[in-house]
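Colleague: I am new to this one. Can you show me how to read its features, one at a time?

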Amino acid sequence: MKASNYNFVFFESDWGYWFNSLSFRYFRISRGVSEKLVSFMDQLDEMEQYAPAFYKKLHENGFIIEDEVDELSLIQDRCDKAILSKDYFLVVLPTLNCNFKCWYCIQDHIPSKMSQTVIDALKRHVDYMIHEEKIESLTVDWFGGEPLMYYEDVVRPLSVYMKAVCDEAGISFRNGATTNGYFLPKLLDDLYELNFYQFQITLDGDKEFHDGVKFQKNCHSAFETVLSKINDMLNIKKDVNMILRINYTHSNLSMKIVEEVNKFIAPENRKSITITPKKVWQEAIDKSFEFPLREILDSFWQHGYKVERWSPIVNYIPCYANRKYYNAICHDGHVVKCTACDDLHEPSSGGQLLENGRIAWNDDFDVKYQSKTFENPTCLGCKCLPICMGRCPRDFLAGSNYCKFQSSDFDLKNSIVDLIDFAYEKS
């Protein structure tokens with residue numbers, strides 16, 4: 001037997017925190033006992049003799065493994081399996097236009113709408129993926145621009161078709177949208193019929209900041225309007241997963257946002273909402289902001305919301321764009337892998353959806369995105385590999401070299417300690 005290469009042990013206050021990044025198992029024990037047991041990690045035979053219960057716990061949770069286990073090969077095999085998984089994730093952009101204009105948005109809000117020709121090609125594409133590629137499930141995320149601007153003309157008819165052909169083929173179909181929330185009432189009657197399971201909606205800080213970024217004619221407050229519509233939707237379907245993403249800078253977020261959100265979300269609906277903080281990418285790193293942000297998340301949780309306190313990789317790929325069975329199809333039929341870049345506005349990049357439903361890729365664009373970005377000496381030797389899996393595939397192809405954990409406001413040790421403390425607090 002030997003110790004895993006992916007063990008972390010941290011000491012904080014009276015506790016020892018144990019975390020394995022490959023098995024994603026963790027626990028805490030008293031500091032004194034933990035310090036004694038750490039000394040046995042190089043003498044596993046003695047640990048088995050003098051602390052058999054703890055030895056068994058470590059073995060069952062991946063902290064101790066058999067001598068013949070090659071953990072790096074396990075990671076590489078799991079990555080291959082994830083990249084080739086036939087659970088198809090399809091992003092569809094009915095438009096690049098939007099009813100709001102946000103200063104940080106990378107997209108040019110071009111007046112645009114998916115044509116009937118592209119809609120028909122998309123239907124044939126789904127047919128092809130089901131009958132030729134033999135996908136095992138289909139999950140659609142409507143994206144933009146603001147996708148629900150064209151709900152009746154694009155989103156609904158395509159959803160009706162895709163659900164019908166998936167039902168006929170005996171595979172699961174799920175629907176979701178990344179939206180600013182303004183047009184949510186358009187689809188209230190279709191939530192069950194069209195398998196809408198998830199929506200991601202963004203707040204740009206507290207009410208004052210959000211309303212300073214987003215505004216719409218005849219809408220006195222985008223903040224109040226969107227939260228009210230979220231609450232209305234959850235009154236109808238409480239099992240929908242509502243991700244409330246908070247795009248924050250170091251100046252637009254304070255504790256008052258919790259009270260402001262609570263005014264519009266009924267207590268019985270809060271358990272359906274996951275609060276997810278995401279730093280605006282233009283904002284510089286500030287490690288000192290970690291603890292105020294954690295306090296805000298603590299308050300949201302205490303008021304009944306789910307919270308994403310830390311978002312490590314758990315599926316062995318750094319980004320969904322790595323997957324073979326993932327595509328983003330734009331309103332004009334051109335196809336990309338990354339929706340967080342200028343590729344959306346460059347029809348010559350990526351590929352093109354053909355009338356027969358197949359995709360013609362340029363210069364092996366899709367295959368390049370399947371590259372294992374962690375295959376470099378730094379990543380291969382890092383204990384964080386299973387929860388990081390290397391760089392963003394697009395940045396990797398562009399030659400960028402950086403570490404994800406170093407570019408975050410969050411400290412790895414604090415994140416792990418917080419994860420474990422929170423798990424014990426909930427139990």
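Modeller: Start with exposure. Buried means under 20% relative accessible area, exposed means over 50%, and partly exposed lies in between. Keep in mind that this is a predicted model.

Colleague: What is the relative accessible area of tyrosine 26, and which class follows?

Modeller: Tyrosine 26 has 29%, so it is partly exposed. Phenylalanine 24, at 26%, is partly exposed as well.

Colleague: How do I read a pair of rings?

Modeller: An aromatic pair is described by the distance of the ring centres and the angle of the planes. Take phenylalanine 24 and tyrosine 26. Their ring centres are 6.2 Å apart and their planes stand at 85°, so the pair is edge-to-face.

Colleague: How many aromatic pairs does a search of the whole structure find?

Modeller: It finds 20. Ring pairs also link Phe8, Phe10, Phe19, Phe24, Tyr26 and Trp310 into a cluster.

Colleague: Where does phenylalanine 27 fit in?

Modeller: Phenylalanine 27 pairs edge-to-face with phenylalanine 63, at 5.5 Å centre to centre and 70° between the planes. This pair links distant parts of the chain. Phenylalanine 27 is in strand E4, while phenylalanine 63 is in the loop between H3 and strand E5, 36 residues apart. Both of these phenylalanines are buried.

Colleague: Which residue lies over the face of phenylalanine 27?

Modeller: Lysine 57 does, at 4.8 Å from the ring centre. Elsewhere, arginine 309 lies over the face of phenylalanine 422, at 4.3 Å from the ring centre.

Colleague: Now the sheet. What holds strands together?

Modeller: Strands of a sheet pair through backbone hydrogen bonds, either parallel or antiparallel. Here, an open sheet of three strands runs in the order E2-E3-E4 with antiparallel pairing. E2 (7-12) and E4 (25-30) are at the edges; each has a single partner strand, so one side of each lacks a neighbour in the sheet. On average, neighbouring strands are turned by 20° against each other, direction ignored.

Colleague: How many bridges join E3 and E4?

Modeller: Six, in the antiparallel sense, with E3 spanning residues 15-20. One example is tryptophan 15, whose bridge partner in E4 is serine 30.

Colleague: Which helices pack on this sheet?

Modeller: Helix H1 (residues 31-38) does, touching E2, E3 and E4, with its direction at about 115° to that of E4. Helix H3 (residues 52-60) touches E3 and E4, and its direction makes about 155° with that of E4.

Colleague: Last, how many disulfides are there?

Modeller: Zero. Cysteine 166 is buried, at 0% relative accessibility. Cysteine 330 is buried too, with a relative accessible area of 0%.

Methods. Residues numbered from 1 in each chain as written. Predicted model: local features only at pLDDT ≥ 70, side-chain atom pairs only at ≥ 80, totals over all residues. Heavy atoms only, no water. Disulfide = S-S within 2.5 Å. Buried < 20%, exposed > 50% of the residue type's maximum accessible area, 1.4 Å probe, protein only. Pairing = 2+ DSSP bridges. Helix = DSSP H or I, 4+ residues; strand = E, 2+ residues; numbered from the N terminus. Axes fitted to C-alpha atoms, helices over the stretch in contact; angles between N-to-C directions. Contact = heavy atoms within 4.5 Å. Phe/Tyr/Trp six-rings, centres within 6.5 Å; stacked < 30°, edge-to-face > 60°. Lys NZ or Arg CZ within 6 Å of the ring centre and 35° of its normal.
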